[in-house]
Amino acid sequence: MVGSDELMSGSGSRLRLMAVHAHPDDESSKGAATMARYVAEGAEVMVVTCTGGEAGSILNPAMDRPDVLANMSAIRREEMARAAEILGVQHRWLGFVDSGLPEGDPLPPLPEGCFALTPIEEPVRELVKVMREFRPHVVLTYDENGGYPHPDHIRTHEVSMAAFDAAAEPDKFPEDGEPWQALKLYYMHGFSRARMQAFHDALVEAGIESPYAEWLGKWDPDRADVMERVTTQVECAEYFPVRDEALKAHATQIDPNSRWFVVPLDIQQKLWPTEEYELVRSLVDSTLPEDDLFAGVREKVST
């Protein structure tokens, strides 16, 4: 492996963050306010989307129309472009086919040629190409469970972990760009029980029907809260409105009248003004817990 200090030389003065996601809309529901904050602070941010989201269901009744169904692939690309514009991020498609979420008992086989069944070296190579071109200092991806057990999310985790290492290895894909070593890798974590409980209690107190009552009632008391894994909380409440606009850009997937928008913004900003991450790889020194994904990186990059 080429040393990280050597790779940092001549890297430019702007901090760079890459978020690797499975489908269009994932970037807006996981870490969007964090990305918007760092963009506003002058960092370069890139979202990489592994699949086109072709197998996604229409979850917004207003978009459940024959013309939308007939053009789902093109529409999801348009939605992604709009969300990227709202967030102020660069965007790349990795180019693989959505595997869909299998349902039934027994589960049906995944479709031939889909992302989850593609030999892993292919998407790893494509992601390495993008990493070596963009040269991120920090990479975000999903945990080993994919955040939730969608086959594309699990494969995104596998691909991201492999590419993080391969991008720095001169003998891996030598024809696909100069080696680059990112300095930190995080898992993105979404809803925790603690967060749901805080929002539920606030809604009940305000006399608003809570969408979390059923979830909390069914929560296995032996199930660990993801907050036990969180190392890093990034304050980004100011950018929650940007996050919500990016979500709404994915009109086929996001119903503006859905649970995503039940909790008033002022309650969210007051009770839970952060987004959560777990530091799993680091080549720099930083003290846990953190409040900045670039902690320890800023000292390496002149700003």
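This passage walks through the sheet, the helices packed around it and a few unusual backbone spots in a predicted model.

The sheet comes first. Seven strands make it up, and it is open, with the order E3-E2-E1-E4-E5-E7-E6 and mixed pairing. E3 (90-96) and E6 (232-235) sit at the edges, each pairing on one side only. Going from one strand to the next, the twist averages 25°. On the E3 side, E2 (residues 44-51) and E3 run parallel and are joined by 5 bridges; Met46 has Gln90 in E3 as its bridge partner.

E4 (residues 138-141) is a handy strand to look at in detail. With E1 (residues 16-21) it pairs in the parallel sense over 3 bridges, and Met18 finds its bridge partner in Val139 of E4. With E5 (residues 184-189), E4 again pairs in the parallel sense, here over 4 bridges; Val138 stands opposite Lys184 in E5. As for the side chains of E4, Val138 and Leu140 point one way, Val139 and Thr141 point the other way, and all of them are buried. The link from E4 to E5 involves H7 (residues 151-166): E4, H7 and E5 together make a right-handed β-α-β unit.

H7 also has a helix partner. H6 (residues 121-134) packs against H7 at an angle of about 50°, and their axes are 9 Å apart. That angle makes H6 oblique to H7, and the crossing of the two is right-handed. On the H6 side, the residues that meet H7 are Pro123, Val124, Leu127, Val128, Met131 and Arg132; their counterparts in H7 are Val159, Ser160, Ala162, Ala163, Phe164 and Ala166. H6 has business with the sheet too: it lies across E1, E2, E3 and E4, running at about 160° to E3.

Next up is H10 (residues 240-249), where Phe240, Arg243, Asp244, Ala246, Leu247 and Ala249 are buried. The cover over these buried residues includes H2 (26-29), H3 (32-40), H5 (72-87), H8 (193-205), H11 (265-271) and strand E7 (274-282). Take H5 from that list: H5 and H10 pack at an angle of about 170°, with 8 Å between their axes. The two helices are therefore roughly antiparallel to each other. In this pairing, Glu79, Arg82, Ala83, Ile86 and Leu87 of H5 meet Val242, Glu245, Ala246 and Ala249 of H10. Ala246 and Ala249 thus turn up twice, among the buried residues of H10 and among those that meet H5.

A few backbone oddities are worth flagging for anyone setting up calculations on the model. Asp105 and Pro106 are joined by a cis peptide bond, with omega of about 5°; Pro106 is in the loop between E3 and H6. Another cis peptide bond joins Leu288 and Pro289, with omega of about -5°, and Pro289 is in the segment after E7.

Positive phi values also show up outside glycine. Arg135, in the loop between H6 and E4, has a phi of about 60°. Its relative accessibility is 28%, so Arg135 counts as partly exposed. Phe173 lies in the loop between H7 and E5, and its phi is near 50°, again positive in a residue other than glycine. With a relative accessibility of 13%, Phe173 counts as buried, because the cut-off for that class is under 20%.

Definitions and conventions:
Residues are numbered from 1 along each chain as its sequence is written. This is a predicted model: local features need pLDDT of at least 70, side-chain atom pairs count only at pLDDT 80 or more; totals for chains, interfaces and linings use all residues. Side-chain values use heavy atoms; hydrogens and water are left out. Buried means under 20% relative accessible area, exposed over 50%, partly exposed in between (1.4 Å probe, protein chains only). Two strands pair if DSSP finds at least two bridges between them. A crossover is right-handed if, with the strands pointing away from the viewer, the path from the first strand over the helix to the second runs clockwise. Axes are lines fitted to C-alpha atoms, for helices over the stretch in contact, and angles run from 0 to 180 degrees between N-to-C directions. Angles under 35 degrees count as roughly parallel, over 145 as roughly antiparallel, 65 to 115 as roughly perpendicular and the rest as oblique. A crossing is left-handed if the near helix is turned anticlockwise from the far one by less than a right angle, and right-handed if clockwise. Contact means heavy atoms within 4.5 Å.
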